[in-house]
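Welcome! Here are a few exercises to work through at your own pace, each followed by a worked solution.

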There are 2 protein chains.
Amino acid sequence: MTTLHEASTAGTGRVTALERAALRHVLAVLEQPPLEVVLWNGEVVRAGYGTAIARVIIRRRGWLWPLLYRPDLYFGAAYSRGAVDIEGDIVRLLEYFEPLERNAARRRWWERLKLHLPLRESRALARARSNIHHHYDIGNTFYRLWLDPELVYTCAYFPERTTGLADAQQAKMEYVCRKLCLQPGETVVEAGCGWGGLSLYMARHCGVRVRAYNISREQVLYARARARAEGLDGQVEFIEQDYRSITDTCDAFVSVGMLEHVGKVHYGEFGAVIDRCLGPGGRGLLHSIGRDRPMLLNAWIEHQIFPGAYPPALGEMLEVLAAGGFSVLDIENLRLHYARTVELWLQRYERSADEVRRMFDEEFVRAWRFYLAGSIAAFRSGSLQLFQLTFSRPGARDLPWTRAGLYQDRLPESPA
Amino acid sequence: MTTLHEASTAGTGRVTALERAALRHVLAVLEQPPLEVVLWNGEVVRAGYGTAIARVIIRRRGWLWPLLYRPDLYFGAAYSRGAVDIEGDIVRLLEYFEPLERNAARRRWWERLKLHLPLRESRALARARSNIHHHYDIGNTFYRLWLDPELVYTCAYFPERTTGLADAQQAKMEYVCRKLCLQPGETVVEAGCGWGGLSLYMARHCGVRVRAYNISREQVLYARARARAEGLDGQVEFIEQDYRSITDTCDAFVSVGMLEHVGKVHYGEFGAVIDRCLGPGGRGLLHSIGRDRPMLLNAWIEHQIFPGAYPPALGEMLEVLAAGGFSVLDIENLRLHYARTVELWLQRYERSADEVRRMFDEEFVRAWRFYLAGSIAAFRSGSLQLFQLTFSRPGARDLPWTRAGLYQDRLPESPA
């Protein structure tokens with residue numbers, strides 16, 4: 001802890017009656033989560049009944065008011081900097097904040113305003129590159145510590161609750177291929193391909209040709225090296241370009257975990273890109289974190305972890321398809337699968353915490369722990385959803401007659 | 001034909017160059033469907049290439065301009081009254097009109113305006129009753145001629161393309177029960193229950209208690225009699241009331257084929273009704289004809305067959321759920337299943353045409369043929385969709401882990 005500047009200057013002053021009352025008020029608004037709050041002078045404030053799920057230690061007096069006023073913004077910041085410590089179940093603790101946060105966000109007029117302002121410039125090309133660079137180019141070594149061997153950084157699909165992470169990511173890729181009805185020899189465009197796991201899977205298992213787009217240089221270089229190593233570089237091309245520059249034609253269009261970075265004002269443009277490249281008998285799949293209703297991303301996550309990101313409401317996702325004139329075939333909410341995915345990421349992350357600390361610093365370790373734990377809480381409590389959406393040209397007839405085929409054969413397990 | 005007043009006054013005058021040119025222009029706009037048009041004086045105008053799929057005989061000169069100007073409105077009217085005859089494949093003929101109609105509807109300013117006007121009174125209670133009476137109270141004997149034995153007047157679910165109508169309606173009811181995860185002893189509210197088929201199925205096969213609402217008196221009386229005959233009247237109650245008067249609490253809320261009659265301005269109210277009655281662990285299912293994008297119902301159908309009906313775009317359906325604060329779990333587009341359902345209805349209808357003529361008259365026979373054929377064309381060509389949508393309270397965790405269970409056991413067949 002002593003490496004953190006905040007912890008080293010821990011406050012000592014007495015707790016005023018006003019501070020105590022404000023804290024008790026916020027705990028009441030949170031409907032008395034079973035927890036203990038330890039204040040900077042050692043005073044303990046208990047809430048709820050039964051065994052406490054966590055102990056929140058506020059080390060620095062100066063953080064109390066920001067924490068009480070905007071926990072969504074300052075809890076993550078205070079925790080990362082060591083001004084707040086959490087002992088116990090951090091995920092269950094954060095789950096208690098989710099409904100409060102959902103309600104509070106609806107009351108904040110500037111967030112409601114921002115939801116409706118057409119911030120067209122926010123994801124212009126240069127900004128998009130810098131946003132993506134911020135998150136995805138911090139080092140493949142870092143992500144390798146806690147993602148699965150294929151480096152799939154999106155929601156996995158668990159055929160059983162007990163399926164492991166690597167198997168669940170394999171199953172997800174197979175599931176996406178089945179939803180897309182890929183046939184050997186077809187061409188696929190992937191928009192936002194990460195480290196290339198899905199593109200390589202489609203080439204390897206479905207015999208399709210893939211053109212995959214991504215503006216993260218580190219990811220593209222890594223993906224190209226993998227394609228060469230596997231001898232798939234004749235079949236899969238990784239292109240360091242934005243989705244807006246896609247001009248290929250294809251039989252299937254797939255985008256897994258990119259829409260969150262597209263920005264609402266660009267959905268029409270994105271739909272037009274898909275319309276431009278998808279052939280007449282084409283199928284498409286969008287996979288994105290989403291919401292039940294429009295709401296900004298958590299302010300701290302948006303500031304610290306994912307600049308420019310916005311998880312759309314399902315109705316907003318449909319705007320992409322309306323712009324392309326497409327017809328929705330199937331929408332599946334995999335919210336609980338994403339909660340499970342991040343649980344497994346967090347377990348692996350904790351096992352590598354020392355290594356992460358050596359690569360970055362304690363503040364980074366804590367910030368990412370808070371982000372991962374907060375994501376689990378958001379998916380568990382239903383603040384975030386995961387929508388997987390399949391579509392076609394209107395009037396398509398050459399479609400699977402039912403969805404039964406998706407579940408007929410066991411999904412394959414990881415070769416590892 | 002002589003029973004129809006229009007046919008008896010068939011015109012004879014010559015065809016002017018302007019009439020011929022206008023007809024050729026419309027056939028060109030339709031992209032030259034392979035058909036023959038026979039005019040009142042016997043003159044034949046051919047379009048398209050290859051074998052003609054149908055021959056359209058325009059018997060009355062006075063109908064030409066209305067037909068060319070607004071086929072969506074006057075084709076059905078002219079056909080019903082015998083001013084136009086169709087020989088050949090009426091469904092395939094009407095399929096050619098669908099894309100034209102979709103484009104034309106987007107250009108008609110008054111339709112676009114009507115789409116956005118909050119016509120709040122249009123489905124007020126008295127009007128709703130009269131609209132429903134118009135369609136559903138024309139006689140159970142009539143519907144018994146061509147529906148399945150359970151009188152299910154909504155899209156069936158065909159586990160195989162070759163499944164028969166009665167089996168497919170049984171399969172649909174089982175499929176809906178599986179999607180709702182019904183458990184014995186639970187309570188279900190059904191809004192818009194038709195002749196009671198689904199309510200009785202749920203009581204019989206899932207051991208649930210059902211309260212089912214409907215404002216069609218004929219249907220309610222019929223459903224009550226069936227419940228008594230089966231000894232299920234202690235378990236299923238049929239209530240002749242509007243969905244707005246529902247005050248029960250329930251574990252599952254289901255509405256199959258009612259949303260089309262609710263009217264867009266009442267979606268918020270409908271969502272609030274579901275919110276009021278669904279318990280905390282509750283599940284819901286909405287099943288409705290829909291659209292890829294907002295568009296009025298075909299003018300002739302709305303006027304002649306379904307007054308006040310409006311098939312919502314998927315985004316509009318989501319407004320119902322947003323109003324109740326629900327979370328979408330699953331959306332399935334069963335468009336091709338509805339095309340197949342109506343194909344089987346039309347086959348049965350044609351076999352009973354003589355009986356229908358005795359019950360009503362030739363104009364009625366032809367109007368309903370045109371309506372059924374037009375519906376097949378609309379579903380085949382993608383003008384209409386069928387969305388089956390499952391939802392829960394936000395943050396629900398006690399959900400099926402995957403959708404595989406829906407397809408695990410064979411769906412049951414009709415006992416008949």
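A useful starting point is pLDDT, the predictor's confidence in each residue, from 0 to 100. Please keep in mind that this is a predicted model.

**Exercise 1. Find out how confident the predictor is in chain A and in the complex.**

Solution. Begin with the average: chain A has a mean pLDDT of 91. Then look at the spread, where 95% of the residues of chain A reach 70 or more. Next, turn to residues 1–10 of chain A, where the pLDDT is below 50. Beyond near neighbours in sequence, that stretch has 19 contacts in the model. Finally, for the complex the predictor gives an ipTM of 0.93 and a pTM of 0.93.

**Exercise 2. Describe how chain B touches chain A.**

Solution. Start with the residues taking part: 28 from chain B and 28 from chain A. On the chain B side, helix H14 (314–324) and strand E10 (327–333) each supply at least two residues. The largest share of that side, 7 residues, comes from E10(B). Now sort the chain B side by character, and you get 13 nonpolar, 8 polar and 7 charged residues.

Then look at the strands themselves. Strand E10 of chain A (residues 327–333) runs antiparallel to E10(B), and 3 bridges join them. To see one bridge pair, pick A:Glu332, whose partner in E10(B) is B:Asp330.

**Exercise 3. Work out how the domains of chain A are arranged.**

Solution. First, mark the bounds: domain 1 covers 5–88 and domain 2 covers 122–407. Second, note that their C-alpha centres lie 36 Å apart. Third, examine the contact, to which domain 1 gives 7 residues and domain 2 gives 9 residues. The domain 1 side of this contact holds 3 nonpolar, 2 polar and 2 charged residues.

**Exercise 4. Which residues have the most contacts inside the largest nonpolar core?**

Solution. The largest nonpolar core has 242 residues, and inside it A:Met202 and B:Met202 have the most contacts. Now zoom in on A:Met202: leaving aside neighbours within four places in sequence, its contacts are A:Cys177, A:Leu182, A:Val188, A:Val208 and A:Val210.

**Exercise 5. Is B:Ala309 buried or exposed?**

Solution. Locate B:Ala309 first, in the loop between helix H13 (299–304) and H14 of chain B. A residue is buried if 20 or more other C-beta atoms lie within 10 Å of its own. B:Ala309 has 21 C-beta neighbours inside 10 Å, so B:Ala309 counts as buried. Among the residues that B:Ala309 touches, not counting those up to four places away in sequence, are B:Glu260 and B:His261. Lastly, the C-alpha atoms of B:Ala309 and B:Ala128 are separated by 9.9 Å, although these residues are 181 residues apart along the chain.

Key:
Residues are numbered from 1 along each chain as its sequence is written. Chains are lettered from A and ligands numbered from 1 in the order in which they are written. This is a predicted model: local features need pLDDT of at least 70, side-chain atom pairs count only at pLDDT 80 or more; totals for chains, interfaces and linings use all residues. Two residues are in contact if their C-beta atoms, placed from the backbone, lie within 7 Å. Helices (H or I, at least four residues) and strands (E, at least two) are DSSP runs, numbered from the N terminus. Ala, Val, Leu, Ile, Met, Phe, Trp, Tyr, Cys and Pro count as nonpolar, Asp, Glu, Lys and Arg as charged, and the others, Gly among them, as polar. Two strands pair if DSSP finds at least two bridges between them. A nonpolar core is a set of buried Ala, Val, Leu, Ile, Met, Phe, Trp, Tyr and Cys residues joined through C-beta atoms within 7 Å. A residue is buried if 20 or more other C-beta atoms lie within 10 Å of its own, exposed if 12 or fewer, and partly exposed in between; C-beta atoms are placed from the backbone. Domain bounds come from an automatic or database domain assignment.
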